[in-house]
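Me: I would like to go through this structure with you. Could we start with a single residue and work outwards?

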Amino acid sequence: TAADQAELDVLLWELISRYWEHRERCRICVQSVEACPHLQTAIREVVEWVVARRLLSHAQALRILEDAA
């Protein structure tokens, strides 16, 4: 939905903004091309939110169709 997309936009904005700030300051990130465990967790959380939100929105849409029938 449009609301889901707006929420995702906020999450991505925060993730990307904080990602670069963190990489410049984190000892692990500065020394490696890979993201540290903290960044990996943040990225995983956003991805999991997207999947869960899509599943929930799909379920809600199906429920609306069933109720209307």
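Reply: Certainly. This is a predicted model. S57 is a suitable place to begin: S57 is buried, with a relative accessible area of 15%, which falls below the cut-off of 20%.

Me: Where does S57 lie?

Reply: S57 lies in helix α3, which comprises residues 37-68.

Me: What does the side chain of S57 make a polar contact with?

Reply: The partner is the side chain of D4, and the polar contact is 2.4 Å. D4 and S57 are 53 residues apart along the chain, and their C-alpha atoms are separated by 8.4 Å.

Me: Which residues in α3 are buried?

Reply: Along with S57, the buried residues in α3 are L39, V46 and V50.

Me: And what covers them?

Reply: The cover over the buried residues of α3 includes α1 and α2, the latter being residues 27-30.

Me: How far does α3 reach from its first C-alpha to its last?

Reply: α3 reaches 46 Å with its 32 residues, close to the 46 Å expected at 1.5 Å a residue.

Me: Let us step back to the whole chain. How many helices and strands does it have?

Reply: The protein chain has three helices and zero strands, and from the N terminus its elements run α-α-α. The radius of gyration is 17 Å, whereas the globule rule gives 11 Å for 69 residues, so the chain is more spread out than a compact globule. Along the principal axes, the C-alpha trace spans about 60 × 20 × 10 Å.

Me: What share of the chain is buried, and what share of the contacts is long-range in sequence?

Reply: Buried residues make up 19% of the 69 residues. Of the contacts with a separation of 6 or more, 41% are between residues 24 or more positions apart.

Me: Now to charges. How many salt bridges are there?

Reply: The count comes to four salt bridges. One of them joins R63 and E66, with the closest N and O atoms 2.8 Å apart. R63 and E66 both lie in α3, three residues apart, about one turn of the helix. R63 is partly exposed, at 48% relative accessibility.

Me: Which residues are joined into one network by salt bridges that share partners?

Reply: The network consists of E14, R18 and E21. E14 meets R18 at 3.3 Å, N to O, while E21 and R18 have their closest N and O atoms 3.4 Å apart.

Me: Why are these partners about one helical turn apart?

Reply: The reason is their spacing in helix α1, residues 2-25: E14 and R18 are separated by about one helical turn because they are four residues apart. E21 and R18 are also separated by about one turn because they are three residues apart in α1.

Me: How accessible are E14, R18 and E21?

Reply: E14 is partly exposed at 34% relative accessibility. R18 is partly exposed as well, with a relative accessible area of 45%, and E21 is partly exposed with 34%.

Me: One more topic: how many aromatic pairs does a search of the whole structure find?

Reply: The search finds one aromatic pair. The rings of Y19 and W20 have their centres 4.8 Å apart and their planes at 85 degrees, so the pair is edge-to-face.

Me: Is W20 buried or exposed?

Reply: W20 is exposed, with a relative accessible area of 51%; the cut-off for exposed is over 50%.

Notes
Residues are numbered from 1 along each chain as its sequence is written. This is a predicted model: local features need pLDDT of at least 70, side-chain atom pairs count only at pLDDT 80 or more; totals for chains, interfaces and linings use all residues. Side-chain values use heavy atoms; hydrogens and water are left out. A salt bridge is a side-chain nitrogen of Lys or Arg within 4 Å of a carboxyl oxygen of Asp or Glu. Helices (H or I, at least four residues) and strands (E, at least two) are DSSP runs, numbered from the N terminus. Buried means under 20% relative accessible area, exposed over 50%, partly exposed in between (1.4 Å probe, protein chains only). Rings of Phe, Tyr and Trp (its six-membered ring) pair if their centres lie within 6.5 Å; planes under 30 degrees apart count as stacked, over 60 as edge-to-face and the rest as tilted. A polar contact is a pair of N or O atoms within 3.5 Å; within protein, one must be able to donate a hydrogen and the other to accept it, and residues adjacent in sequence count only if both atoms are side-chain atoms. The expected span of a helix is 1.5 Å times one less than its number of residues. Contact means heavy atoms within 4.5 Å. The radius of gyration is taken over C-alpha atoms; the globule rule is 2.2 Å times the number of residues to the power 0.38.
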